[in-house]
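Let's take a friendly walk through a protein model together. Keep the picture open beside you as you read, and look for each part as we come to it.

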Amino acid sequence: MRHPEEPVVASEPMIFRDVVTNAGGAFDTDTGIFHAPVNGLYEFNFTIRKISGTGQFVFDIMASWRQICRVGIDSYSDDQDDSVSCSTVAELQAGDTVYVESEKDVSNLANNPTTFSGHLIQSYV
């Protein structure tokens, strides 16, 4: 998924409508939430590049309302070029949810390469 819909609202799932692949349809483009289709081990990745403006920006990958990965950007000037990535592995049960959220409202991500991806590594029977 690329380029989240704006504005990004604090503590709400980021909405990604630009989906490259959604095999099995487990990612809901209306809510920004991935629903684990089976019990198993999953990998998730989130990358954000340059937020215009200054200040600290913090983003989390959440699994069923618990934080499983956190990244932050400290932006000191508009011409500063930063990027951060977060990768994590999580054991999920069928129906568990995964999404990305911001610690505060953000309204300037549309032209920045921001991605969220995930896949099943191994299913559990």
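Before we look at a sheet, we need one rule: two strands count as a pair if DSSP finds at least two bridges between them. With that in hand, turn to this model, which is predicted. Five strands in it make an open sheet, in the order E3-E4-E9-E6-E7, and their pairing is antiparallel. Which strands stand at the edges? They are E3 (27–28) and E7, and each has a single partner strand, so one side of each is left without a neighbour in the sheet.

Let's cross the sheet step by step, starting from E3. Strands E3 and E4 are joined by 2 bridges in the antiparallel sense. Here Phe-27 has Phe-34, in E4, as its bridge partner. Strand E4, which covers residues 33–35, then pairs with E9, again antiparallel and over 2 bridges. Phe-34 appears here too, with Val-98 of E9 as its bridge partner. On we go to strand E6 (residues 55–63), which pairs with E9 over 5 antiparallel bridges. One contact to look for is that of Phe-59, whose bridge partner in E9 is Ser-102.

Strand E9 deserves a pause. How many of its residues are buried? In this strand, residues 97–102, 6 of the 6 residues are buried, so "mostly covered" is a fair description. In a regular strand, side chains alternate between the two faces of the sheet. You can follow this in E9: Thr-97, Tyr-99 and Glu-101 point one way, while Val-98, Val-100 and Ser-102 point the other way, and all are buried.

Next, move to strand E7, at an edge of the sheet. Ser-75 lies in this strand. Is Ser-75 buried or exposed? Its relative accessibility is 3%, and because buried means under 20%, Ser-75 counts as buried. Ser-75 and Gly-55 are 20 residues apart along the chain, yet their C-alpha atoms are separated by 5.2 Å.

Strand E7 also takes part in a disulfide. A disulfide is a covalent bond between the sulfur atoms of two cysteines. In this model the count comes to 1 disulfide. Cys-69 and Cys-86 form it, with their sulfur atoms 1.5 Å apart. Cys-69 sits in strand E7 (residues 66–75) and Cys-86 in strand E8 (residues 83–92), so the pair ties together parts that are 17 residues apart in sequence. Both Cys-69 and Cys-86 are buried.

Now for some open space. The largest pocket holds about 260 Å³. Its lining is made of 16 residues, and those nearest its centre are Asn-22, Ala-23, Phe-34, Gly-118 and His-119. Phe-34 is the residue we met earlier as the bridge partner of Val-98. Which strand gives the most to this lining? The answer is E10, with 5 residues. Strand E5 (40–49) and strand E10 (115–123) each supply at least two residues. Sorted by class, the lining has 10 nonpolar and 6 polar residues, and no charged ones.

Finally, how confident is the prediction? The chain has a mean pLDDT of 85, and 82% of its residues reach 70 or more. Confidence is highest in E4, at 96, and lowest in strand E1 (residues 2–4), where the mean is 58.

Technical notes:
Residues are numbered from 1 along each chain as its sequence is written. This is a predicted model: local features need pLDDT of at least 70, side-chain atom pairs count only at pLDDT 80 or more; totals for chains, interfaces and linings use all residues. Side-chain values use heavy atoms; hydrogens and water are left out. On a 1 Å grid over the protein atoms alone, a cavity is a set of points where a 1.4 Å probe fits but cannot get out, and a pocket is an open set with protein on both sides within 12 Å along at least five of seven lines; lining residues have an atom within 4 Å of a point. Grid points are joined across faces, edges and corners, and a volume is the space filled by probe spheres set on the points. Helices (H or I, at least four residues) and strands (E, at least two) are DSSP runs, numbered from the N terminus. Ala, Val, Leu, Ile, Met, Phe, Trp, Tyr, Cys and Pro count as nonpolar, Asp, Glu, Lys and Arg as charged, and the others, Gly among them, as polar. A disulfide is a pair of cysteine sulfur atoms within 2.5 Å. Buried means under 20% relative accessible area, exposed over 50%, partly exposed in between (1.4 Å probe, protein chains only). pLDDT is the predictor's confidence in each residue, from 0 to 100.
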